[in-house]
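Student: Please take a close look at the salt bridges of this protein. I should like to see which residues form them, and how the strands, helices and nonpolar cores around them are arranged.

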Amino acid sequence: LPEHGGFTPPPGYTYARLVGEGGFGVVSKVERSDGTPYALKWAKDGTGAAAEAAGLEESREAGILTELAAASVPGVPTLVATVPGARITGLLMSPVGVPLAAALAALPPDDDGARMALARTVLEQVAATLRAAHAAGILHGDVRPSNIILVPAAGTAGEAPVPVVHDAAVYLIDWGHGEGAASSSVSRDCT
């Protein structure tokens with residue numbers, strides 16, 4: 001397990017692989033003892049101002065994910081638990097998906113039909129997620145391709161690049177820059 005701030009998976013979970021890294025955080029796939037996969041997100045640097053900023057972002061993200069679940073907003077990760085670490089708190093989330101860039105890279109470069117199907121799937125599902133979140137007074141604050149994952153439909157190849165893009169569920173991740181309904185700075189005019 002790569003060490004970032006002294007963080008390790010919680011008891012009953014094992015490290016599977018690194019999923020990705022952002023400006024402040026690291027996401028790894030961990031598996032529960034029964035084999036169920038989860039995404040575990042924590043701060044890269046467990047010390048100083050960077051850890052404090054990452055901790056505040058993860059705290060905000062945990063609150064927003066809770067609000068999104070209460071509002072039944074589709075296409076967002078489920079916060080399973082917060083996981084106390086040595087100096088920081090991690091977020092245990094479900095599902096683990098395929099980054100949009102990996103799904104695009106897996107498509108044949110000359111298959112415009114598959115690329116259009118993926119674009120349509122992503123745009124429709126992300127738009128539905130944002131509409132529902134905005135209706136609940138919640139803003140994402142950082143919508144970009146790297147914050148979009150695809151989760152293959154049940155019964156398709158686990159983590160292989162999404163083989164049937166029109167059957168994939170699209171998730172908008174990384175809500176740490178967002179604003180929740182409880183925040184006074186949320187504006188219904190923002191998109």
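Tutor: The structure holds 5 salt bridges. The model is a predicted one, and confidence should be considered before the details. The protein chain has an average pLDDT of 78, and 74% of its residues score at least 70. Over residues 184–191 the pLDDT falls below 50, and this stretch makes 13 contacts beyond near neighbours in sequence. Residues 1–5 also stay under 50, with 17 contacts in the model beyond four places in sequence.

The pair with partners in a strand and a helix may be taken at the outset. E61 and K41 form a salt bridge through their side chains, at 2.6 Å from N to O. This bridge connects distant parts of the chain, since E61 belongs to helix α1 (residues 48–70) and K41 to strand β3 (residues 37–43), 20 residues apart. Both partners, E61 and K41, are buried.

A second pair is D142 with R144, whose side chains meet at 3.2 Å, N to O. D142 has a relative accessible area of 16% and is therefore buried. R144, by contrast, counts as partly exposed because its relative accessibility is 41%. Where salt bridges share partners, they join K41, E61 and D174 into one network.

A third pair is D34 with R32, in which the closest N and O atoms are 2.8 Å apart. R32 counts as partly exposed because its relative accessibility of 30% lies between the limits of 20% and 50%.

This last pair leads to the strands β1, β2 and β3. R32 falls within strand β2 (residues 25–32), which pairs with strand β1 (residues 13–21) in the antiparallel sense over 7 bridges. Along this pairing, T14 faces E31 of β2. On to β3, the strand that carries K41: β2 pairs with β3 over 7 bridges, again in the antiparallel sense. Here S28 has L40 in β3 as its bridge partner. β2 and β3 make a hairpin with 4 residues between them, and in the turn G35 has a positive phi of about 95°.

Elsewhere, 3 strands form an open, antiparallel sheet in the order β6-β7-β8. Its edge strands, each pairing on one side only, are β6 (98–99) and β8 (169–172). Strand β7 (residues 148–151) is joined to β8 by 4 bridges, and the two run antiparallel. Within that pairing, V151 stands opposite A169 of β8. Helix α3 (residues 112–135) packs on this sheet, where it touches β7 and β8, and its direction makes about 50° with that of β8. The pairing of β6 with β7 is antiparallel too, with 2 bridges, and places V98 opposite L150 of β7. In general, the strands of a sheet pair through backbone hydrogen bonds, parallel or antiparallel.

The side chains of β7 go in two directions: I148 and L150 point one way, I149 and V151 point the other way, and all are buried. I148 and L150 recur in the largest nonpolar core, which has 25 residues; together with L68, L118, V122 and W175, they touch the most other members. At least two residues of this core come from each of α1, β5 (89–94), α2 (100–106), α3, β7 and β8. α3 gives the largest share, 6 residues. Another core, of 8 residues, lies apart from it and includes Y13, Y38, L40 and W42.

These elements can be drawn together around the salt bridge of E61 and K41. Helix α1, which carries E61, is among the elements that supply the largest core. L40, a member of the other core, stands in β3 as the bridge partner of S28, and K41 is in that strand as well.

Conventions
Residues are numbered from 1 along each chain as its sequence is written. This is a predicted model: local features need pLDDT of at least 70, side-chain atom pairs count only at pLDDT 80 or more; totals for chains, interfaces and linings use all residues. Side-chain values use heavy atoms; hydrogens and water are left out. pLDDT is the predictor's confidence in each residue, from 0 to 100. Contact means heavy atoms within 4.5 Å. A salt bridge is a side-chain nitrogen of Lys or Arg within 4 Å of a carboxyl oxygen of Asp or Glu. Buried means under 20% relative accessible area, exposed over 50%, partly exposed in between (1.4 Å probe, protein chains only). Two strands pair if DSSP finds at least two bridges between them. Axes are lines fitted to C-alpha atoms, for helices over the stretch in contact, and angles run from 0 to 180 degrees between N-to-C directions. A nonpolar core is a set of buried Ala, Val, Leu, Ile, Met, Phe, Trp, Tyr and Cys residues joined through side-chain atoms within 4.5 Å.
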